[in-house]
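Trainee: I've got a new model on screen and I'd like to talk it through. Let's start with the holes.

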Amino acid sequence: MINYGRQYIDSDDVKAVLRVLKSDWLTQGPKIEKFEKALSKKFGAKYCCAVANGTAALHLTGIGLGWKPKDIVITSPISFLASANCIVYSGATPDFADIDEKNYTIDPNKLEKKIKYYLNRNKKVKAIVATDFAGNPCDWQALKQVSYKYDIQLVNDNCHALGAHYKKDKFYAPKFADVVTQSYHPVKNITTGEGGAVLSNNDEFSKKIKILRSHGIERKLKNKNSKQGSWFYEMNEIGYNYRITDFQCALGISQLAKLEKFVKKRNYLANIYNNYFQEVDIFQIPEVQKKSKHAFHIYPLLINFEKINLTKNILFEKMLNYNIKLQVHYIPIHLQPYYKKYYGFKKGDFPIAEKFYDREITLPIHFSLKENQVYKIVKSMKKIIL
Ligand SMILES: *Cc1c(COP(=O)(O)O)cnc(C)c1O
């Protein structure tokens, strides 16, 4: 069965993990800081805090940025649930701005409209969580302008875009956003099994996140002359156990060294898809912005099902007969029963996202996928659709 995503683990990865398994530290040891330093360097952030998963990274981000009930935080309806759920965790109110028709990320104009809508009602938007969907960077210049103009925090849910460049800049993520969150789940561009990180250039924020990662425990004495013993610890804020283990971080360090290679292969395979599907007008291929580099965490293909005698469901079934498992990313978040029930969203609220969902299928793309498998996928699609 060909799946949409899969990890790639080589013998160096295995050796790195085994070394840690035989060492003194399985967790809370030296590999964590090493991984954090490597991530900081790779993505151009001053500070990094590695955590249990990408969702924990988003949760801690919301707390660290001080989101509170009555705050409004806006994200994209086309993202993984966690991009919106982290807003709910903090007690703030989630809202959405529709996506751009071409690059499928949050539309800065729609976003500004939404901010003005709230301003007119004497409400202020606290933060924006923008996802570099599929591995394609958002329009970060425009988003930054909006965040300056209205004094709004900017978060990059960067989980898809490990290895992407925005306008030739591989360090774009922490440059434009106040906080960057990543995930290293096995389908992402590098993996630690479960795992994630929060990156930023803000010293105070980063220190806070590190304390919250482990129950809110602080071991440093505020007063150096205090007579407290070496066992002393104190808790000032409620935290969590969102730690990542040392063997996961060892895997992460080893995987991170292969990121460019991984993204290169993903781009190579995406090009094969592009070359074929751009020839046929019922398909819309992912747009790559000028001077930017797509990281192709996924390959979203839009199909105008109205023009062919086929539903998405039947296409999925027929592809399964060829042992190819398609996916969809994503069902618009505002259409989830929870968001409808508690926040009153309904069908029609974000029409571009909804149309995107009607048309989108995710084709398999990952490092160990072979060129001939991609040709098989293309040919099978051709047989079924055309
Ligand atoms: C994967 C992902 C997450 C969550 O990461 P986990 O490590 O699975 O918790 C959040 N946002 C986006 C956009 C993702 O793709």
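Mentor: Then the term first: on a 1 Å grid over the protein atoms alone, a cavity is a set of points where a 1.4 Å probe fits but cannot get out, and lining residues have an atom within 4 Å of a point. This is a predicted model, where local features need pLDDT of at least 70, side-chain atom pairs count only at pLDDT 80 or more, and totals for chains, interfaces and linings use all residues. Residues are numbered from 1 along each chain as its sequence is written, and side-chain values use heavy atoms, with hydrogens and water left out.

Trainee: OK, how many cavities of 30 Å³ or more are there?

Mentor: Two turn up when the whole structure is searched. The largest cavity comes out at about 70 Å³, a volume being the space filled by probe spheres set on the points.

Trainee: Which residues line the largest cavity?

Mentor: Going along the sequence, you have Arg 6, Gln 7 and Tyr 8, then Pro 186, Lys 188, Asn 189, Ile 190 and Thr 191, and finally Gln 255, Phe 262, Arg 266 and Phe 367.

Trainee: How does that lining split by class?

Mentor: Five nonpolar, four polar and three charged. Here Ala, Val, Leu, Ile, Met, Phe, Trp, Tyr, Cys and Pro are nonpolar, Asp, Glu, Lys and Arg are charged, and the others, Gly among them, are polar.

Trainee: Now the pockets. What volume does the largest pocket have?

Mentor: About 1,000 Å³. A pocket is an open set of points with protein on both sides within 12 Å along at least five of seven lines.

Trainee: Which residues are closest to the centre of that one?

Mentor: Its lining has 25 residues, and the closest to the centre are Lys 207, Lys 210, Ile 211, Arg 213 and Lys 220. By class, the lining of the largest pocket has 13 charged residues, seven nonpolar and five polar.

Trainee: Which element gives the largest share of that lining?

Mentor: H8, with six residues. At least two each come from helix H2 (30-43), strand S1 (47-51), helix H8 (203-213) and strand S8 (217-218). Helices (H or I, at least four residues) and strands (E, at least two) are DSSP runs numbered from the N terminus.

Trainee: And what's the volume of the second largest pocket?

Mentor: That one is about 390 Å³. It has 23 lining residues, with Phe 80, Ser 183, His 185, Lys 188 and Tyr 330 closest to its centre. H3 and H4 are the elements that give two or more residues to this lining, and H3 has the largest share, at three.

Trainee: What's the class split for the second largest pocket?

Mentor: Twelve polar, eight nonpolar and three charged. Lys 188 is worth clicking on, since you've met it already: it also lines the largest cavity.

Trainee: Switching topic: where does Ile 352 sit?

Mentor: In helix H13, which covers residues 351-359. Ile 352 is 252 residues from Asp 100 in sequence, yet their C-alpha atoms are 7.5 Å apart.

Trainee: What does Ile 352 touch, ignoring neighbours within four places in sequence?

Mentor: Asp 98, Ile 99, Glu 101 and Lys 110. Contact means heavy atoms within 4.5 Å.

Trainee: Last one: which residues of H5 and H6 meet?

Mentor: H5 brings Pro 108, Leu 111, Glu 112, Ile 115, Lys 116 and Leu 119, and H6 brings Ala 142, Leu 143, Val 146, Lys 149 and Tyr 150. That contact has eight nonpolar residues, three charged and no polar.
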